Amino acid sequence: MVQPDLQTVRLSNGKEITVHTHLFINNEFVPGHGPLIETINPATEEVICSVHSADKEDVDAAVNAAATCFKDTWRKVAPAEKARLINKLADLMERDRDELAILDALDNGKAFTVARDVDITDSIACYRYFAGWADKIHGKTIDTTFDKMCYTRHEALGVVGAVIPWNYPTMMAAWKFAPALAAGNCIVMKTSEITPLPAYKFAALVKEAGFPAGVVNIITGYGHTTGNYLSGHPLVSKMAFTGSTATGRKVMESSSTSNLKKLQLELGGKSAQIVCADADLDQAAEWACGGIFNNHGQSCNAGSRILVHESVHDQFLELFIKHTKAMIKIGDPFEEDTFQGPQISKAQFDKILNYIEIGKKEGAVVSYGGKRWGNKGYYIEPTVFTNCHNQMRIMREEIFGPVVAIAKFKTIEEAIDIANDSDYGLAGSVYTTNLDTAITVTNEIKTGTMWVNCFDVFDQSTPFGGYKQSGFGKELGKYSLQEYTQVKVVKILRSSKI
């Protein structure tokens, strides 16, 4: 017996909500042929519901639907009409913002108020931003020789495959969908098997907005099966992936052994926040606190290494712990004043606690937190390590949790060397009142994004992406449109003898 698509589930506050649990292919919710996957409420450790997963047959169906739609319909739709549909989708998301935020909070464990006021609000803005680009993507005419005409076309790729992580279920989808749709592509997206519910609510809005069948297809499943099928599919022209560096390597392998897909990889990070002796220490401590503890530390760009000049280390640490205590209220995601909910899963919960033990064994000192919070749900106290050096595992490996390692430096050159001594290069920051220092540090740090006197500041018009093993390609802004188009050159021999 096939599980019905619509299921009624209970929130941790006792309220109920109806969710979709089938795959979304060709504008219809259809049962998958893969195993049912239980999605867990990280606040209660209880099963929310089971969702269908996609096997190879389902991936084929989704990709074929997208390919047919692109060939027969979507590429022929006027750019202005594409913009109208994307804006209509944004309108529907705004109408149902609370429901989308509820599903993010339920499935992921993040605070409902944060999901509503940050994740969903920014996602809506992302769709509106790229709707504005839909009819402004064009090539150039190039003056070559008198008897020839030359111009370029910026063409859609066709079928884009996307795989998104569990830490920002709605927002990471927006970062892929919005530019891909504006550039004229059709999409097959695999959600994380841990957080599939928000994407299926989004799918229902896609259909309501009036997108042609096959433009958007959303499936879920495990990475080693469903994700592997998608990244190796011969009809997929490009893969956009956000996740771990290890999985990013596998996506590259699938591309190389299939049809050499275009790739865009946004991978892991171990971002350094540098606090100079001349910094406004209170301001730096407040920003640095948010830089690591936002989203429970579950962000690829989290500022999990803080390098502080030795002359102000103790004062900064006192202020940092003060702001940590003031900012972070741990609790149920649906309590109005909650800032930090549970970690995403038992596996992640155990991994973070293990790293805390590793830090202690390596000689780092727990100056705040360091243990489980409560006795139910995957909650961990915000944890501050001091007495750290850059060869410790907690300074080098991505923990992906509310754990920060603080180290001292003597000179700005030393701080730059420590910050760059990492396999990753996603983001970083410097806190200083000296403009020359700010320019020097931002120029020398090998990362895709550098913030000055702030952290974690995003905007739809600003590109985001990494260096080194943090991946390549850009999300957001005009730069991201290059990731979803290809340039064709057309040369015409004129027949006129004039």
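Let's start with D107, which is buried, at a relative accessible area of 0%; buried here means under 20%, exposed over 50% and partly exposed in between, with a 1.4 Å probe and protein chains only. Keep in mind that this is a predicted model, where local features need pLDDT of at least 70, side-chain atom pairs count only at pLDDT 80 or more, and totals for chains, interfaces and linings use all residues. Residues are numbered from 1 along each chain as its sequence is written, and side-chain values use heavy atoms, with hydrogens and water left out.

D107 sits in helix 3, residues 97–108; helices are DSSP runs of H or I with at least four residues, strands are E runs of at least two, and both are numbered from the N terminus. What surrounds D107, leaving aside neighbours within four places in sequence? Its contacts (heavy atoms within 4.5 Å) include T39, P42, I194 and I344. L197 is another of them: it lies 90 residues from D107 in sequence, yet their C-alpha atoms are 6.8 Å apart.

Now, over to the sheet. It is open, with 7 strands in the order 16-17-18-15-14-20-21 and mixed pairing; strands pair if DSSP finds at least two bridges between them. Strand 16 (365–368) and strand 21 (449–452) are at the edges with a single partner strand each, so one side of each has no neighbour in the sheet. Inside the sheet order, strand 14 (residues 272–275) pairs with strand 20 (residues 427–431) in the parallel sense, over 4 bridges. One bridge there joins A272 to G428 in strand 20.
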